[in-house]
Amino acid sequence: MADHLILVTGSAGFLGSHLCDALLAEGHQVLGVDNLATGSLANLAHLKTEPRFRFEQLDICTPFDLGRVEYVFNFASPASPVDYMRLGIETLRVGSAGTLNTLEVAKRYNAGYLHASTSECYGDPEVHPQVESYWGNVNPIGPRSVYDEAKRFSEAAVSAYHRYHAVNTHLVRIFNTYGPRLQANDGRVISNLMMQALRGEPMTIYGDGSQTRSFCYCSDLIAGIVLLSKSKEHAPVNIGNPTEWTILECAKEIQSLLGATSEIVFKPLPQDDPLRRRPDISRAQRLLGWAPKVSLREGLALSLDYFKACVAAEQPQA
Ligand SMILES: NC(=O)c1ccc[n+]([C@@H]2O[C@H](COP(=O)([O-])OP(=O)(O)OC[C@H]3O[C@@H](n4cnc5c(N)ncnc54)[C@H](O)[C@@H]3O)[C@@H](O)[C@H]2O)c1
């Protein structure tokens, strides 16, 4: 499909901007849209002189038609707990009306479609590691439900457009991903701990640090997503790094990389914070021949310059 026009929603965000880079590198033309609710044009600044890239500022919750596209990647949604709890109603809206509007675009132009879903669909999982066939343990009315249930509605909508309208849809369940352009102050584990260590502040751990996460470096994730977009698979596919870390081990890995001596402080665990998170990636391995390549240590090292620049930008100008 090289040379095709591809629509990326959420293109000014962390993952959307990396996806635009990957699609441009494959030779496509990319139309990025974003309402800049949580993203930043700084993430697209390097594409200013790229003739194959165009950006439109718009809210996908309003129906839109920007002309024929061959493929739609729907990445628009607040994604970090800090953002989606601040923008709760907007998150519900983009995961419902927004997703339906992007599906209409795909249907109208007979375009392929890939939706960025999330491991949060599994809630606080009783099945470990999480397999795609597990339906999840989500609190439908808790503070995280604005995100979790919006994403679950989106999965239902995507599946329905495949079932009723034969749209060539794909669903990726993304597990925690990090790398350059991750918002520096959005409360996600890696950005929080990195920024605190680089500032020489105490590093905060919520709970006793024994809860686990698996962290995928952004280039690994995007490679898996591009492969999925070209596949014939319509059911959800987990993409993430299955190496499981306790939050405390992750903090220590960051300390060791930076040679940091920041003290670690423990704060109460937020409500409904999942205790365990680890993808079973055997479907992605079997269907796509995909597996992550970048270790946490390597990924943290690749992200270091970015986080250093974020800390430097916080300093008052002399
Ligand atoms: N980063 C992760 O670890 C992770 C994990 C699971 C799922 N995801 C999903 O991947 C996608 C991208 O996440 P991210 O980490 O890049 O977050 P991000 O906040 O950096 O990017 C999301 C982008 O969507 C835009 N947006 C939000 N509402 C919009 C609307 N109504 N119209 C147009 N644009 C809108 C934001 O401005 C932002 O640029 C999200 O759908 C998220 O749920 C991310």
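Modeller: In this predicted model, a residue counts as charged if it is Asp, Glu, Lys or Arg, and Gly is among those counted as polar.

Biologist: How many cavities of 30 Å³ or more does a search of the whole structure find, and how much space lies in the largest cavity?

Modeller: A cavity is a set of points where a 1.4 Å probe fits but cannot get out. The search of the whole structure finds one cavity of 30 Å³ or more. The space in the largest cavity is about 50 Å³.

Biologist: Which elements give two or more residues to the lining of the largest cavity?

Modeller: The lining includes Thr91, Val94, Gly95 and Thr99, together with Tyr147, Ala150, Lys151 and Ser154. The elements that supply two or more lining residues are helix H3 (88–108) and helix H4 (145–165).

Biologist: Which residue in the lining of the largest cavity is charged?

Modeller: By class, this lining has four nonpolar, six polar and one charged residues. Asp, Glu, Lys and Arg count as charged. Among the lining residues, the one that fits this rule is therefore Lys151.

Biologist: Which residue has a side-chain N or O atom 2.7 Å from an oxygen atom of the ligand?

Modeller: The residues that come nearest to the ligand are Leu15, Asp34, Thr38, Tyr147 and Lys151. Ile60 has a polar backbone atom 3.1 Å from a ligand nitrogen atom, and Ser77 has a polar backbone atom 3.3 Å from a ligand oxygen atom. The side-chain contact at 2.7 Å belongs to Thr38.

Biologist: What share of the ligand's accessible area does the protein cover?

Modeller: On its own, the ligand has 830 Å² of accessible area. The share of this area that the protein covers is 97%.

Biologist: Which element gives the most residues to the shell around the ligand?

Modeller: By class, the shell has 16 nonpolar, 11 polar and four charged residues. The element that gives the most, with three residues, is E5.

Biologist: How much space lies in the second largest pocket, and which element gives the most to its lining?

Modeller: About 260 Å³ of space lies in the second largest pocket. Of its 14 lining residues, Trp135, Arg152, Glu155, Arg173 and Pro236 are the closest to its centre. The elements giving two or more residues to this lining are H4 and strand E6 (169–174). With four residues, the element that gives the most is H4.

Biologist: How many charged residues are in the lining of the second largest pocket?

Modeller: This lining has eight nonpolar and two polar residues. Its number of charged residues is four.

Key:
Residues numbered from 1 in each chain as written. Predicted model: local features only at pLDDT ≥ 70, side-chain atom pairs only at ≥ 80, totals over all residues. Heavy atoms only, no water. 1 Å grid on protein atoms, 1.4 Å probe; cavity = no way out; pocket = protein on both sides within 12 Å on 5 of 7 lines; lining within 4 Å. Points joined across faces, edges and corners; volume = space filled by probe spheres on them. Near = heavy atom within 4 Å. Polar contact = N/O pair within 3.5 Å; in protein donor to acceptor, adjacent residues only side chain to side chain. Areas by Shrake-Rupley, 256 points an atom, 1.4 Å probe, with all protein chains shown as cover.
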